[in-house]
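Thanks for making the time this morning. I would like to walk you through one structure, slowly and piece by piece, and I will ask a few questions along the way.

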Amino acid sequence: MSRVVVIPCEGFTLNISEIAPDKSISHRSVMFAMLAEGTSEITNFLRAEDTLNSLNIVKNLGARVVDDGVTIKISSEGIKESSEILDCGNSGTGMRLFCGLLSSAEGHFVLTGDEYLRRRPMKRVTAPLRNIGAKLDGRNDGDLAPLSIRGASLQAFNYESKIASAQVKSAMILAALRADGICTYTEPELSRDHTERMLKGMGAEISVDGLKTTITPMKKLLSPLKIRVPADPSSAFFFAVAAAITPNASIILEGVTLNETRIEAFRALERMGANIKYEQTDDKYEPIGNIHVKYAPLKAITVEDNISWLIDELPVLSIAFACADGESIIKNAEELRVKESDRISTVVSGLRACGIEVDEYEDGYKVKGGVLKAAKVDSHGDHRIAMSFIIAGLRCGMEVSDLDCINTSFPNFFELLQKITKVEFK
Ligand code: S3P
């Protein structure tokens, strides 16, 4: 499937209970199972390329995995050296968290990824890990994969990170669990906190005080994880924007994590005037519930705080900006430049192709709301860029190319989209 043409749509009322399961939690669930004694049980695991690569790596590291198609049961007798090269595919989360997990494991490991991942910066994890004794290397002095890791003993640390990154925080927490003393990790702004919640739920001694996380090394293996992975708010948000930009549209997105560090984009859409309601139905490791989104005319906003809480949703939020009245601005979002594509450049060029006026800055952009026009947009191999411009097509029609990347996070995206509108594959 290389190209799709999206036909504009005229309103819909829909309940979706099959939003893709959360990618961040799925990666973590299979990795953390390796730190437990006994069998972890994971249901609603995201069966997409990124997370299946993590599951495969966990198998290569010696975990026993029994998968009946509904529940994945994982038991491990410690991390074992693998004769395989460990392939993270397109996933930065996979690669960075495995760096933390493997830095103290006995043996030698090689992590690699696809052509996009091999261009993304890894020094943000390899540098602080090397500082505490990890033996990690890669191209460009440890910045670029393939990375090689030889497990070593790690020293206790007090690390103050300059970037708000859940991937860096999680890698360091995983390292701290096997360091030789109590460790602290401080971040400039709170990033998503699934690692802390899940590991605490498994019995790890982790305490959080504002931006500072204190980790006591594991004295014994953790309790197994028993988790149903909630729906991914970042995936759900494509359909939230679909409803918010389409007159006469209303949607209910079911079973989504309502973790505050993940629903900031919904809050931004609310500030723009969309009608949004949250209904909590469960609370296991995380609050979980349904999100209702109804169309209302949108107005421009500025987004400059808590950027890491909505970093993944900024591309499709920008489609809402293009449909709003006034000039919307994104600031302090330089991290967008090192995602699956340089998302400042790919969003700006995509919106311009659709006839929208955009000013580009080093750390964001300004979008002048207007009338979206049908265009041809390339995803640059980035799943969120592909899905964002497909959603724009609901307003004006669109041809989007290079679509395989959507399988990294949201394999049933087109199935759900076709409940709203017609699409033609070319
Ligand atoms: C993720 C953290 C975020 C996010 C990524 C998933 C995670 O990256 O963009 O899609 O699961 O920890 P950073 O932590 O690098 O900001």
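**A walk through the model**

Leaving aside neighbours within four places in sequence, Ala 243 is in contact with Phe 12, Ala 249, Ile 251, Val 293 and Tyr 295. Before I go further, please keep in mind that what you see is a predicted model. Ala 243 is found in helix 8, and it is buried, with a relative accessible area of 0%. There is also a link across the sequence here, since the C-alpha atoms of Ala 243 and Gly 11 are 7.8 Å apart in space although the two residues are 232 apart along the chain.

Let me stay with helix 8 for a moment. How many of its residues are buried? The count is 12 of the 12, so helix 8 is largely enclosed by the rest of the structure. Among these buried residues are Pro 233, Ser 234 and Ser 235, then the run of Phe 237, Phe 238 and Phe 239, and also Ala 242, Ala 243 and Ala 244. At 1.5 Å a residue, the 12 residues of helix 8 should span 16 Å, and the C-alpha atoms at its ends are 15 Å apart, which agrees. The N-terminal end of helix 8 is capped by Asp 232, which places a side-chain oxygen 2.8 Å from the backbone nitrogen of Ser 234.

One residue of helix 8 turns up again from another direction. Ser 388, if we set aside residues up to four places away in sequence, touches Phe 238 as well as Pro 315, Val 316 and Ile 319. Ser 388 itself belongs to helix 12, which covers residues 383-396, and at 0% relative accessibility it counts as buried.

Helix 2, residues 49-60, makes a useful second case. With 12 residues at 1.5 Å each, helix 2 should span 16 Å, and its end C-alpha atoms are indeed 16 Å apart, which agrees. Which residues of helix 2 are buried? They are Asp 50, Thr 51, Ser 54, Leu 55, Ile 57 and Val 58. These residues cover an arc of only 160° around the axis, which puts them on the same side of helix 2. What they pack against is helix 1 (23-32), strand 4 (64-67), strand 5 (71-75), strand 6 (86-87) and helix 3 (92-102). Just after helix 2, Gly 62 takes a positive phi of about 100°.

Strand 5, one of those partners of helix 2, contains Ser 75. Ser 75 is buried, with a relative accessible area of 18%, which is under the 20% that marks the limit for buried. Beyond residues up to four places away in sequence, Ser 75 touches Gly 38, Thr 39, Ala 63 and Arg 64.

Now to the ligand. Which residues lie around it? They are Ser 24, Arg 28, Thr 93, Ser 165, Ala 166, Gln 167, Arg 192, Ile 311, Asp 312 and Lys 339. An oxygen atom of the ligand is 2.7 Å from an N or O atom in the side chain of Ser 24, and a ligand oxygen is likewise 2.7 Å from a side-chain N or O atom of Arg 28. With Gln 167 the partner is a polar backbone atom, at 2.9 Å from an oxygen atom of the ligand. The protein covers 95% of the 380 Å² of accessible area that the ligand has on its own.

I would also like to point out some backbone details. Most residues other than glycine have a negative phi, and most peptide bonds are trans. Against that background, phi of Asp 141 is near 55°, a positive value; Asp 141 lies in helix 5, residues 139-142, and at 47% relative accessibility it counts as partly exposed. Phi of Asn 248 is also positive, near 65°, and this residue sits in the loop between helix 8 and strand 15 (250-257). Is Asn 248 buried or exposed? At 65% relative accessibility, Asn 248 counts as exposed. The peptide bond from Ala 145 to Pro 146 is cis, with omega near 0°, and Pro 146 has its place in strand 9, residues 144-150.

The last stop is Lys 366, in strand 21, residues 364-368. Setting aside residues up to four places away in sequence, Lys 366 touches Glu 327, Ser 328, Ile 329, Glu 357, Val 358, Asp 359 and Tyr 361.

Definitions and conventions:
Residues are numbered from 1 along each chain as its sequence is written. This is a predicted model: local features need pLDDT of at least 70, side-chain atom pairs count only at pLDDT 80 or more; totals for chains, interfaces and linings use all residues. Side-chain values use heavy atoms; hydrogens and water are left out. Helices (H or I, at least four residues) and strands (E, at least two) are DSSP runs, numbered from the N terminus. Buried means under 20% relative accessible area, exposed over 50%, partly exposed in between (1.4 Å probe, protein chains only). Contact means heavy atoms within 4.5 Å. The expected span of a helix is 1.5 Å times one less than its number of residues. The arc is that of the directions from the helix axis to the C-beta atoms. A residue is near a molecule or strand if one of its heavy atoms lies within 4 Å of it. A polar contact is a pair of N or O atoms within 3.5 Å; within protein, one must be able to donate a hydrogen and the other to accept it, and residues adjacent in sequence count only if both atoms are side-chain atoms. Accessible areas come from the Shrake-Rupley method with a 1.4 Å probe; for residues, only the protein chains shown count as cover.
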